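This report introduces a protein model to a reader who has not met it before. The text moves from the overall fold to helix packing and then to individual residues.

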Amino acid sequence: MAATGAGEQDFNRLWAAQAVSAFGARIAREGLPIAAITTLTASPAALGILSALTGLASLVLGLSAGGWVDRRPRRGVLIAMNLVRAATLAIIPLAALAGFLTLPMILTAATVIAGASTVFVMAEHAILPELVAPEALITANARLSATDSVAEIGGPALAGVLFQILTAPFAVAATAVSWLASALLLLRIRRGRPVETEPRTQAQGPSFLSGLRTTWADREIRVLFLIQMAWGLTAGVFGSVYVLFALRTLQLPTGLLGLAIACGGSAPWPGRRRGRCCSVVWAPDRP
């Protein structure tokens with residue numbers, strides 16, 4: 001990479017924080033449905049609602065939060081999203097210990113985490129021009145993407161092991177700890193080079209509507225958006241019931257279920273990064 005000295009150290013800290021966060025996101029993604037099934041005996045309809053809410057959160061913030069991220073310190077956004085996810089997820093084991101864990105609590109937690117994860121992904125790529133030289137951006141992005149792919153394989157496998165060793169939903173506490181660790185790594189990033197951004201203007205209108213108009217105006221982005229929307233609808237049907245089928249019908253242990261999901265994560269299919277279909281659609285001011 002062209003970045004040297006402090007810049008390279010800062011990128012390495014970002015890279016480490018992203019790796020920890022990515023694994024945590026996969027554990028939470030698989031762990032919350034498992035907790036809903038094993039602890040609260042959630043129905044297929046409830047899991048369908050969970051899938052719909054998390055997808056909706058990613059869609060809305062994917063179209064509206066790009067400009068918001070661009071006008072704020074990216075490191076602060078990354079840290080805030082980690083803290084939001086950690087605090088939200090910590091409620092689950094605490095509520096279980098107190099004996100008042102409910103399905104709406106899991107649904108709410110999953111929705112908040114999905115939205116915060118979408119914003120985190122935006123900010124982790126938007127901060128790169130502040131940390132590395134322009135000629136190193138492709139390499140830096142490649143490293144982040146490679147780590148994300150590794151987490152897609154290893155995260156579900158780790159989730160299965162955690163849920164087999166620890167009783168759900170206490171295993172999700174490990175994810176909250178991982179996001180706190182990620183936030184601490186991000187705190188060590190020094191101030192990078194300033195990157196100019198355009199101020200928000202009234203012509204932009206509401207962020208969500210502006211993002212939707214921008215997406216629809218570009219033919220190539222519009223086609224990709226429609227493809228991802230169609231994929232999200234069909235994959236959501238599968239995603240809402242496959243954990244239920246594996247645990248209740250096949251009676252797979254959670255460790256084996258995690259391994260099966262990890263095998264699926266190693267395949268180069270477009271839907272393996274669930275909840276990411278619209279994470280970078282709307283960011284007109286991003287460098």
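Helices are DSSP runs of H or I with at least four residues, and they are numbered from the N terminus. With that numbering, Gln-251 comes just after helix 10 and takes a positive phi of about 55°. The model described here is a predicted one.

**Overall fold**

The protein contains 11 helices and zero strands. Read from the N terminus, its elements run α-α-α-α-α-α-α-α-α-α-α. Of the 287 residues in the protein, 47% are buried. Among contacts between residues at least 6 apart in sequence, 87% join residues that are at least 24 apart.

**Packing around helix 4**

Two helix pairs that involve helix 4 are described here. Helix 2 covers residues 44-70 and helix 4 covers residues 103-126. Helix 3 spans residues 74-98. The table sets out the geometry of both pairs.

| Helix pair | Angle between axes | Distance between axes |
|---|---|---|
| Helix 2 and helix 4 | about 30° | 8 Å |
| Helix 3 and helix 4 | about 160° | 9 Å |

An angle under 35 degrees counts as roughly parallel, and one over 145 as roughly antiparallel. Helix 2 and helix 4 are therefore roughly parallel to each other. Helix 3 and helix 4, in turn, are therefore roughly antiparallel to each other.

The handedness of each crossing is also assigned. Helix 2 passes helix 4 in a right-handed crossing. By class, the residues in the contact of helix 2 with helix 4 comprise 17 nonpolar, seven polar and no charged residues.

The crossing of helix 3 and helix 4 is left-handed. On the side of helix 3, the residues that make the contact include Arg-74, Val-77, Leu-78, Met-81, Arg-85, Leu-89 and Ile-92. On the side of helix 4, they include Met-105, Ile-106, Ala-109, Val-112, Phe-120 and Glu-124. The contact of helix 3 with helix 4 divides into 18 nonpolar, three polar and three charged residues.

**Gln-18 in helix 1**

Gln-18 belongs to helix 1, which covers residues 6-40. Is Gln-18 buried or exposed? The cut-off for buried is a relative accessible area under 20%. Gln-18 has a relative accessibility of 1%, so it counts as buried.

Which residues does Gln-18 contact, leaving aside its neighbours within four places in sequence? They are Glu-124, Leu-144, Thr-147 and Asp-148. Glu-124 is also one of the helix 4 residues in the contact with helix 3. For Leu-144, a further detail is available: its backbone oxygen lies 2.9 Å from a polar atom of the Gln-18 side chain. Gln-18 and Trp-179 are 161 residues apart in sequence, while their C-alpha atoms are 9.6 Å apart in space.

**Thr-175 and Ser-178 in helix 7**

Helix 7 runs over residues 173-187 and includes Ser-178. Thr-175 is likewise placed in helix 7. Thr-175 has a relative accessible area of 1% and is buried. Ser-178, at 14% relative accessibility, also counts as buried.

The contacts below do not count residues up to four places away in sequence. Thr-175 touches Gly-24, Ile-27, Ala-28 and Leu-89. Ser-178 touches Val-20 and Gly-24. Gly-24 is thus listed for Thr-175 and for Ser-178. Leu-89, a partner of Thr-175, is one of the helix 3 residues in the contact with helix 4.

**Helix 10 and two loop residues**

Helix 10 spans residues 242-249, and its buried residues are Tyr-242, Val-243, Leu-244, Ala-246 and Leu-247. Beyond this helix, Gln-251 lies in the loop between helix 10 and helix 11 (254-265). The phi of Gln-251, near 55°, is a positive value in a residue other than glycine. With a relative accessible area of 63%, Gln-251 is exposed, as the cut-off for exposed is over 50%.

A positive phi occurs at Thr-41 too. The value there is about 45°, although Thr-41 is not a glycine. Where is Thr-41 found? Thr-41 is in the loop between helix 1 and helix 2. Its relative accessible area is 58%, and Thr-41 is therefore exposed.

Conventions
Residues are numbered from 1 along each chain as its sequence is written. This is a predicted model: local features need pLDDT of at least 70, side-chain atom pairs count only at pLDDT 80 or more; totals for chains, interfaces and linings use all residues. Side-chain values use heavy atoms; hydrogens and water are left out. Axes are lines fitted to C-alpha atoms, for helices over the stretch in contact, and angles run from 0 to 180 degrees between N-to-C directions. Angles under 35 degrees count as roughly parallel, over 145 as roughly antiparallel, 65 to 115 as roughly perpendicular and the rest as oblique. A crossing is left-handed if the near helix is turned anticlockwise from the far one by less than a right angle, and right-handed if clockwise. Ala, Val, Leu, Ile, Met, Phe, Trp, Tyr, Cys and Pro count as nonpolar, Asp, Glu, Lys and Arg as charged, and the others, Gly among them, as polar. Buried means under 20% relative accessible area, exposed over 50%, partly exposed in between (1.4 Å probe, protein chains only). Contact means heavy atoms within 4.5 Å. A polar contact is a pair of N or O atoms within 3.5 Å; within protein, one must be able to donate a hydrogen and the other to accept it, and residues adjacent in sequence count only if both atoms are side-chain atoms.
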